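Reader: I have a structure open and want to test some of the terms used for it. Can we go through them one at a time?

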Amino acid sequence: MNTDERYLNLLSRSFPTVASAATEVINLEAILNLPKGTEHFLADIHGEHEAFIHVLKNASGNIKRKVNDIFGNTIRESEKKELCTLIYYPEKKLELIKEQESDIDDWYRITIHQLVRVCRDVSSKYTRSKVRKALPKEFSYIIEELLHERTDDHDKAAYVAVVVDTIISTGRADAFIVAISNVIQHLAIDQLHILGDIYDRGPGAHIIMDTLEKYGGWDIQWGNHDMLWMGAAAGNNACICNVLRLSLRYANLSTLEEGYGINLLPLATFALEVYGDDPCEEFLPKVLGGDDHMDDKTRTLIAKMHKAVSVLQFKEEARVFHRHPEWHMEDRCLLEAIDFEHGTCRIDGTDYPMKSCHFPTIDPQNPSEMSVDERELMEKLHHSFRVSEKLLKHVRIILSHGCMYKICNQNLLYHASVPLNDDGTLKEVEILGQHYAGKELMHYIGQLVRAAFENDTPAEQKRYARDYILYLWCGKDSPLFDKSKMATFERYFLSDKSTHHEEKGNYFKMRESEEVCDRILDAFGVKGDNRHIINGHVPVHASKGENPIKAGGRMMVIDGGFSEAYHKETGIAGYTLVYHSRGFELVQHEPFTSARDAVLRGTDIKSSTQIVERSAHRMRVADTDKGDELRGQIQELKDLLYAYRHGIITEKTSQ
């Protein structure tokens, strides 16, 4: 017996008798032999809530694949498409069906039987207990009965038929179809992994967070855009300015205003007063999908707000960079490098002409100092972010569901990179006088970010943690950025495109190397013959022939490319990854039209599947991290049985 006797006494409270402990051993041994649950990997969602929700509903085509497997050639392709759409959007699809169907009861009867078959298939990987927990209370008993009755038994077939007929005759068919469709969606995926960047560019990051709040098993590896919003919620003024700037750059204010109640009126008023005569051409918004919906007056106002907050950002960043000379980022205080008389900016010893040099709030003698009006504006913006209860709630959810990295079933997950030296070894990064690399770096950064939100963090440490979030957004050695610089200022104000170049870090130059990937996996303690790095962050240029599978299969880059901003660049709407009991499938998506199209026309996200890795045998729970955990529990229970049977611990039988 290896288990500590004190622990066994605690365990005996849950399993007070030999019978109860033995029953649990039998249960756990059985679970080990169930098929491995399906994992779903998404990255870089960037506020595209409709596409995200659809990919959740169709499980990156996993539900469609199951419908094809179940029904094969027994029903028409159009019927399979209709069935899938019903599963994805049951309420909306039912409205259309009832307008079109002449014999709705017959349709109900056929459809309910079909849905039960699909539900039976997706639930087959789980214990009855787990399936039961996923069932809605009002239909829990009925669905469980239908799932576990054999339709090839004549007596049982009659029983099932009566159950279905009664659902219809009592007027509960619609509610039942909605309920069982939601169960299918829920059980199609066992675990959802989001590899960062829920925020920015698209209109519905807050809707994505509302969806995740109600979702079952999911985790997140923080992305650079998530970190920016986390910094804003923590009260980092430079992060607040960056969040506002990016939202204005893409004319996407719905997450700020409708989602989080951020008051933009002070910024609009300030911008009109200060930049009223400035055309702000460099700051006209990048409106995706055409700009017919935006009039010239609105575009001009957004451009002025965009410039106002950009100047404010450069000043706030300079304050932080001067406060931390150890970051070696004072060269990014470019307002201080402007020659206002000649209209040039000096970078790395070269003077570059400015596109424009109209900065009414800048004192050339002290360029990074805020004006009185800017300070007042910044205070109002800061207050608006800090009092947004919903934003803070969503950030708390992100904190509670993730960190910088995760190791799961021989897969190392993170958003962007692991800093490397020129020779491909892990780079040591200095934080507060200490040096960290690889796993230790990621772990410490995670602790530091959390310190920015904990009430008991000492004030000085909390201030540093809040500042460091800005470094994670744009610092050279940040695992979330890993470039030479963020050339925001240059892109706005300098025509010479050589100044816009952001040199990628060694990680991105060396990620095709099997040796480098193995070194990273070793450093994080990821073991096994089929181990992988899975990340996102950098869009895969499929149109140029770039392969998302790198380093001989050791790395998979699945930037979702959900954002419309990337579609012309990549040629696709990105990748998602599905890891089920038979192996890995990489799903390449074309752009999503809309949920309305999906309901009306049965359109799905067009996708093609590439089998990345096929397992030699069907993987079971025993082959996963959960299997290791269960084997540990089984051993502890066997130790408890030994203790009972040898009188070390007494059974707690009821009197």
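Author: Yes. Note that this is a predicted model.

Reader: What makes β13 and β14 count as paired?

Author: Two strands pair if DSSP finds at least two bridges between them. β13 and β14 (residues 555-557) have two bridges, in the antiparallel sense. Therefore they count as paired. Isoleucine 549 stands opposite methionine 556 in β14.

Reader: How do you know that β8 and β9 pair?

Author: The cut-off is again at least two bridges. Four bridges join β8 (residues 405-408) to β9 (residues 411-414), so the pair qualifies. These strands run antiparallel. Cysteine 408 has asparagine 411 in β9 as its bridge partner. β8 and β9 form a hairpin with two residues between them. In the turn, asparagine 409 has a positive phi of about 50°.

Reader: Which strands are the edge strands of the sheet?

Author: The order in this open sheet of five strands is β8-β9-β12-β14-β13, with mixed pairing. β8 and β13 (549-550) are the edge strands, as each pairs on one side only. Helix α24 (residues 514-523) lies across β9, β12 (532-535) and β14. Its angle to β12 is about 90°.

Reader: What makes Lys626 a charged residue and Ile31 a nonpolar one?

Author: Lys counts as charged and Ile as nonpolar, so the labels follow from residue type. Lys626 and Ile31 are among the lining residues closest to the centre of the second largest pocket. That pocket has a volume of about 680 Å³. Its lining has eight nonpolar, nine polar and 10 charged residues. α27 gives the most to this lining, with five residues.

Conventions:
Residues numbered from 1 in each chain as written. Predicted model: local features only at pLDDT ≥ 70, side-chain atom pairs only at ≥ 80, totals over all residues. Heavy atoms only, no water. Contact = heavy atoms within 4.5 Å. Axes fitted to C-alpha atoms, helices over the stretch in contact; angles between N-to-C directions. 1 Å grid on protein atoms, 1.4 Å probe; cavity = no way out; pocket = protein on both sides within 12 Å on 5 of 7 lines; lining within 4 Å. Points joined across faces, edges and corners; volume = space filled by probe spheres on them.
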